[in-house]
Amino acid sequence: MKTCLFILFFFSTHTFASTDPDVKVWIGNKLEKSNHQIEFDLPWLDVVDEELEFGKNSIILHQVEKAIELLPKVLNSPKFKQGILEYSRRNGDQKFSRNYLWDRKDEKLSNAEILNIIFKGHEHTIPDTYNQMNLNVKMKKCTRFENMVKRKWCKGVIGHTLPKSSKWITVNWQFYRGYKAPQIVNNLVHEWIHLLGFLHGSKKTMGEEITYVAGRLAQNIAEEILAAE
Ligand SMILES: [Zn+2]
């Protein structure tokens, strides 16, 4: 029974709301060519670090804090908004793969609607905090035993969430120990968008989902901001 529960738990986190480092992200067709700037009527999205559970004085925490400093600049940048609004898949379709919340397959969302949901910032488990990216992040370092029995999470998942039941983003020490702030920006954006209700579909088209695309887009912008500083 224990094994069964474990498998179920693992399946549910890995399949629907975790970051797989092997997914090839497709950032869209238009971004490089686009030279017109759109006026956006969106509220400012605040970034609130509610709880961060990392080791004290950890180098990783320092990079996480740097990422959190970058996040409001990145998310509120016209480039981020435009990248989502004008996103198109490999086949040219101007939409995201699995463009619906939870399992509401009948309510497909346009890029503009997804952008609005992101800026509304309504995490399923954190009610009444609109226009805020509320971050509760804890780092998990797998033990030697877990590395043996739970190898897939320990070696193959950057972070995960349980968006229906928890406000927490759990991140994997194995990856974070080598990350600089822009890569952390990428993963936090990805995981946080899960908390809004966007889950994963088929691995084949996962790289065209809002979680992966917004994460990578945010990382690129964070890198540009750092390079310009
Ligand atoms: Zn994910």
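M148 is exposed, with a relative accessible area of 58%, so let us start our walk at this residue. This is a predicted model, and M148 sits in helix α5, which covers residues 144-149. Together with F145 and V149, M148 makes a nonpolar surface patch of about 340 Å². Residues join such a patch when they have over 30% relative accessible area and no salt bridge, and nonpolar side chains are joined within 5 Å. At 58%, M148 is over that area cut-off.

Next comes a patch of another kind. On the surface, D49, E50, E65 and E69 gather into a patch of negative charge. Strand β1 (46-53) and helix α2 are the elements that give two or more residues to this negative patch. One of its members, E50, lies in strand β1. Is E50 buried, exposed or partly exposed? With a relative accessible area of 34%, E50 counts as partly exposed, because that class lies between the 20% limit for buried and the 50% limit for exposed.

Helix α2 also leads us inward, to helix α4. Helix α4 spans residues 111-120, and its buried residues are N111, I114, L115, I117, I118 and F119. What covers these buried residues of α4? The cover includes α2 (59-75) and α3 (78-85), along with α8 (181-195) and α9 (210-228). So α2 has a part in two of our stops: α2 gives residues to the negative patch, and α2 is among the elements that cover α4.

Finally, look just past the end of α4. There you will find G121, with a positive phi near 60°.

Notes. Residues numbered from 1 in each chain as written. Predicted model: local features only at pLDDT ≥ 70, side-chain atom pairs only at ≥ 80, totals over all residues. Heavy atoms only, no water. Buried < 20%, exposed > 50% of the residue type's maximum accessible area, 1.4 Å probe, protein only. Helix = DSSP H or I, 4+ residues; strand = E, 2+ residues; numbered from the N terminus. Contact = heavy atoms within 4.5 Å. Patch = residues over 30% accessible without salt bridge, like charges linked within 9 Å, V, L, I, M, F, W, Y side chains within 5 Å. Areas by Shrake-Rupley, 256 points an atom, 1.4 Å probe, with all protein chains shown as cover. Salt bridge = Lys/Arg side-chain N within 4 Å of Asp/Glu carboxyl O. Lys, Arg positive; Asp, Glu negative; His and termini not counted. Charge placed at Lys NZ, Arg CZ, Asp CG, Glu CD.
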